[in-house]
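Ready for a few exercises on a structure you haven't met before? Work through each task on your own, then go through the solution step by step.

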2 protein chains.
Amino acid sequence: MQTINLKTLASALGLSVSTVSKALQDSHEISPETKQRVWQLARELDYVPNPHASSLRRKRSKIIAVVIPEVADSFFSLAIKGIEAVAQQKGYHTLIYLTYESLTKEQTILHDFQSGRVDGIIISLSGQTTHIDHVTALERKGIPVVLFDRIFEGTTLPRIITNDRESGYLATRHLLQRQCRRIGFLSVSDSLSITKQRQTGYIAALEEATMPVLPEYMLTLPDERAEQEIILSGLLTGPDAPDGLVASVEKTAILTYQLCEKLCIPIPEQLKVISFSNLETASLLNPSLSTITQPAFDMGEAAASTLFNLVEGKNIRSMPTIQCIPSELIPRRSTQQAAE
Amino acid sequence: MQTINLKTLASALGLSVSTVSKALQDSHEISPETKQRVWQLARELDYVPNPHASSLRRKRSKIIAVVIPEVADSFFSLAIKGIEAVAQQKGYHTLIYLTYESLTKEQTILHDFQSGRVDGIIISLSGQTTHIDHVTALERKGIPVVLFDRIFEGTTLPRIITNDRESGYLATRHLLQRQCRRIGFLSVSDSLSITKQRQTGYIAALEEATMPVLPEYMLTLPDERAEQEIILSGLLTGPDAPDGLVASVEKTAILTYQLCEKLCIPIPEQLKVISFSNLETASLLNPSLSTITQPAFDMGEAAASTLFNLVEGKNIRSMPTIQCIPSELIPRRSTQQAAE
DNA sequence: CCGGTTTACGAAAACGATTTCGTAAATAAA
DNA sequence: TTTATTTACGAAATCGTTTTCGTAAACCGG
């Protein structure tokens, strides 16, 4: 069971290694008859070229890396699917790395890519990430990088985003139109630009409606589940409890649902909730949850397409450095007004 | 900005390439002083070894492949997380491939692995897969393979599974104990052993209770959404409509919920539902869904650990060829009996 | 028939790391 | 002091492809 390679083929055919290699690549230097002989034997012996040798020689691996904070998540898993679909179709292989929201892990992972392991990188930043020196370092070494959803502001790297600010604005206006007058904003502790954008939109909507923007209604939940419960319960049962919530993170909406059940706060009668979320089951929740749904699959596809264009050096100038794919607001029962 | 490699280091230090290589591997052949010099310069110049060269020479890539039918799925995405966690900790890299339930794609993907691209493979079979010649071919070439959840019966390859048969049995008994007398079983069209196992458990429970096993209650839904609706609606609104359902696939439970809402069939009063599912939001559904929850993360971890043991040739004999990690039945409102 | 161009192939040098040997010097054993 | 052994390093082969050259032979036009 010896492994079969170019040398095996060459000697079996009485040809040189270089001729066989060129024949397999359908080079014009090789006569049609020879090509046929080579192709046939390669098929018979089930020859598969060694990718490591090829990558070493060509300095191209046909591998990309996807670096994300989490995978067990409706947004990221769908995005991966979009990326993988394009990669598979283009003949690329996809390495996946999880940062678990840790800057240190993110740095370690990216550092390894200096080696030329991958041809390009798609990354969605960790919640801890406050600078992207480790990312730009790769760009400077000539390795294409595409930022994706959780981007960094103030960089010229290619980015794929959705309209977070506008969505935050629309979600808030959605609540205002449904007679909410004390609207809260839930986020988790991170330094992400998307969170800021969403919050900016929320504030803009309030100001447009000449409503007060109250800091005590803008909750940043800590990482600890127990603390989260205490803080959010405090808000929900306080004297001036909100009658509407914009959840900038799916997880906070779920927490809200659980607490409202426990605290007997009826949704949407007493509290209306809308969440940034990609849950497929949003429509089956009790009550069905109004969502801002991000185009995860499309964003993955766009990121991958952009990356492959960069990798293959195609019309780099013609590509927009930033692409925005809009989210969709899907109203459901959790923000429904009582019929009068 | 020339790329830095062993030769760069060697000439900068006045040493040979082989010495530098050995020093970096902390070989005993190298004196402590020389090692220090090498390490320091490597750190200063931020040397990262070229993995393709290394893989070529060592015939070991420190890369594994994960081949699954789908990723935008609560089970598989969580399993990936378990796999990646172990891989990262062991210093391995993870390639991910989606088969989209297609045998052809599965074969194409696995065929490429003959090249030595990866050190080992974790695979969960596509729904179309009825033989695993393409898998055993790899094993014969000396590439370790671990089957995972969707296994093939009648192979001696290492497998990680959960107790599907028993879970099907327990789910059905759960319904029987709650006074269901006409219990249906929902599946989708595939040739998977896990589906068969679950159904076997379902049948066993019925027989144990001396209940009739009726073929019209065992529904295999087609791929088309429209047809699914017609068939399932037919069952739910028929003269002898079931009063309990075991959904062997999450998707069928969701469909049931949607149809019941449309058809005004109250759950659990008129129909109790329990589903194999890893939905985090099961407890938030309307009504909250009783589930058989698979230990996705643990199964991923176990698959990865097993694979690494095989790859590194550790105590191959001592490893069980099949590991079963039990699922958990979580009763919720969808199977609750009315208080009397 | 003769210089010039194709055509079709092979030799050999990469790519960057690992590993097997060989060997001078240093050390230990006899 | 002589022999044996260790220590610490370098030369060179190797992994399997790709790619650049070099070159016989065939082909061409005039």
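**Exercise 1. A lysine and a base**

How many Å separate a base oxygen of DNA strand D from an N or O atom in the side chain of B:K22?

*Solution.* Before anything else, keep in mind that this is a predicted model. Now pick out B:K22 and follow its side chain to the N or O atom: a base oxygen of DNA strand D is 2.5 Å away. Then turn to the other strand, where a polar side-chain atom of B:K22 lies 3.4 Å from a base oxygen of DNA strand C. Both pairs count as polar contacts, since the cut-off is 3.5 Å.

**Exercise 2. Around DNA strand D**

Find the residues that surround DNA strand D, and sort them by class.

*Solution.* Step one is the head count: 27 residues surround this strand, and the closest are A:R57, B:T19, B:K22, B:T34 and B:R57. Step two looks at the DNA side, where sugar and phosphate make up 60% of the strand D atoms that come within 4 Å of the protein. Step three picks out phosphate contacts. The side chain of B:T34 has an N or O atom 2.6 Å from a phosphate oxygen of DNA strand D, and a polar side-chain atom of A:Y47 sits 2.7 Å from a phosphate oxygen of that strand. Step four is the sorting: eight residues are nonpolar, 12 polar and seven charged. Last, which helices help out here? Helix 2 and helix 4 of chain A, along with helix 2 and helix 4 of chain B, each supply at least two residues of this surface.

**Exercise 3. Around DNA strand C**

Now do the job for DNA strand C: which residues come nearest, and which helix gives the most to the surface?

*Solution.* Start with the neighbours. There are 28 residues around DNA strand C, and those that come nearest are A:T19, A:K22, A:T34, B:L6 and B:R57. By class they split into nine nonpolar, 12 polar and seven charged. Next, check the helices: helix 2 (17-24) and helix 4 (51-58) of chain A, and helix 2 (17-24) and helix 4 (51-58) of chain B, each supply at least two residues. Helix 4 of chain B gives the most, with five residues.

Then zoom in on single contacts. A polar side-chain atom of B:R57 is 2.4 Å from a base oxygen of DNA strand C. A:S16 uses its backbone instead: an N or O atom there lies 2.9 Å from a phosphate oxygen of DNA strand C. Finally, of the strand C atoms within 4 Å of the protein, 59% belong to sugar or phosphate and the rest to bases.

**Exercise 4. Two helices meet**

Describe how helix 4 of chain A packs against helix 4 of chain B.

*Solution.* Begin with the geometry: the two helices pack at an angle of about 140°, and their axes are 8 Å apart. The crossing is left-handed. Now list who takes part: A:H52, A:A53, A:S55 and A:L56 from helix 4 of chain A, and B:H52, B:A53, B:S55 and B:L56 from helix 4 of chain B. Sorted by class, that gives four nonpolar, four polar and no charged residues.

**Exercise 5. Backbone oddities in chain B**

Locate two cis peptide bonds and a positive phi, and say where each one sits.

*Solution.* First, a cis peptide bond joins B:I267 and B:P268, with omega about 5°. B:P268 belongs to the loop between helix 11 (250-263) and strand 9 (272-276) of chain B. Second, the bond from B:N286 to B:P287 is cis, with omega near -5°, and B:P287 lies in the loop between strand 9 and strand 10 (290-293) of chain B. Third, B:Y100 has a positive phi, near 50°, although it is not a glycine. Look for B:Y100 in the loop between strand 2 (93-98) and helix 6 (103-112) of chain B.

Note on methods. Residues are numbered from 1 along each chain as its sequence is written. Chains are lettered from A and ligands numbered from 1 in the order in which they are written. This is a predicted model: local features need pLDDT of at least 70, side-chain atom pairs count only at pLDDT 80 or more; totals for chains, interfaces and linings use all residues. Side-chain values use heavy atoms; hydrogens and water are left out. A residue is near a molecule or strand if one of its heavy atoms lies within 4 Å of it. A polar contact is a pair of N or O atoms within 3.5 Å; within protein, one must be able to donate a hydrogen and the other to accept it, and residues adjacent in sequence count only if both atoms are side-chain atoms. Helices (H or I, at least four residues) and strands (E, at least two) are DSSP runs, numbered from the N terminus. Ala, Val, Leu, Ile, Met, Phe, Trp, Tyr, Cys and Pro count as nonpolar, Asp, Glu, Lys and Arg as charged, and the others, Gly among them, as polar. Axes are lines fitted to C-alpha atoms, for helices over the stretch in contact, and angles run from 0 to 180 degrees between N-to-C directions. A crossing is left-handed if the near helix is turned anticlockwise from the far one by less than a right angle, and right-handed if clockwise. Contact means heavy atoms within 4.5 Å.
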